[in-house]
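Reader: I'm new to looking at protein models, and I'd love a close look at a single part of this one. Could you pick a spot on the surface and walk me through what is there and around it?

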Amino acid sequence: MTPEEIQQIFFVECEESLAAAEAGLAACRDGTQADDTVNSVFRAVHSIKGGAGAFGYAGLQAYTHTFETLLSDVRDGSVPLNDALCDLLLRALDTLS
C-alpha cells in the first residue's frame with residue numbers, strides 16, 4: 001500500500017469520525033448526555049488527532065488536541081455539558097470538518 005493510499009484511508013476514516021461526533025453531539029444537544037455518548041464523541045476526535053499526527057498535519061493535530069481536552073473535561077465532570085457548550089462543540093466540529 002502506498003503512502004497516498006494510506007492517507008486516503010485516513011480521510012475516509014475522518015469522514016466517519018466526523019459523522020459519529022456530529023451524531024453524538026446532536027444527541028447531547030437533544031438531551032442524551034450519557035457517558036457513552038460523550039465518550040463516542042471523544043473517541044472520534046481522538047482518532048482524527050492521532051491520524052493528523054501520523055501524517056504531520058500539525059495544525060489539525062493541535063486543533064483536535066484542544067477539542068479533545070475540552071471533551072475530556074466534560075467526561076471527568078469538571079465542565080458541565082449544557083446547551084451553550086453543545087452549540088459551541090457543534091460549531092467547533094463544523095470548523096474541524
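Author: Happy to! Let's start with a nonpolar surface patch of about 320 Å², which is made by Met1, Ile6 and Ile9. Keep in mind that this is a predicted model. Take Ile9 as your way in: this residue of the patch has its place in helix H1. Ile9 has 37% relative accessibility, so it counts as partly exposed.

Now stay with the helix. H1 covers residues 3–29, and Ser17 is found there too. Is Ser17 buried or exposed? Ser17 counts as buried, because its relative accessibility is 13% and the cut-off for buried is under 20%. What does Ser17 touch, if you leave aside its neighbours within four places in sequence? The residues in contact with Ser17 are then Ala44, Ser47 and Ile48.

Next, let's turn to the aromatic rings. The structure holds six aromatic pairs. One of them joins Phe55 and Tyr57, whose ring centres are 6.4 Å apart with 35 degrees between the planes, a tilted arrangement. Phe55 has 29% relative accessibility, so it counts as partly exposed. Tyr57, at 28%, counts as partly exposed as well. These two residues also belong to one aromatic cluster, which they form with Phe10 and Phe11.

One last ring to find is that of Phe42: Arg75 lies over its face, at 3.8 Å from the ring centre.

Definitions and conventions
Residues are numbered from 1 along each chain as its sequence is written. This is a predicted model: local features need pLDDT of at least 70, side-chain atom pairs count only at pLDDT 80 or more; totals for chains, interfaces and linings use all residues. Side-chain values use heavy atoms; hydrogens and water are left out. Rings of Phe, Tyr and Trp (its six-membered ring) pair if their centres lie within 6.5 Å; planes under 30 degrees apart count as stacked, over 60 as edge-to-face and the rest as tilted. Buried means under 20% relative accessible area, exposed over 50%, partly exposed in between (1.4 Å probe, protein chains only). A charge sits over a ring if NZ of Lys or CZ of Arg is within 6 Å of the ring centre and within 35 degrees of the ring normal. Helices (H or I, at least four residues) and strands (E, at least two) are DSSP runs, numbered from the N terminus. Contact means heavy atoms within 4.5 Å. Patches are made of residues with over 30% relative accessible area and no salt bridge: like charges are joined within 9 Å, nonpolar side chains (Val, Leu, Ile, Met, Phe, Trp, Tyr) within 5 Å. Accessible areas come from the Shrake-Rupley method with a 1.4 Å probe; for residues, only the protein chains shown count as cover. A salt bridge is a side-chain nitrogen of Lys or Arg within 4 Å of a carboxyl oxygen of Asp or Glu.
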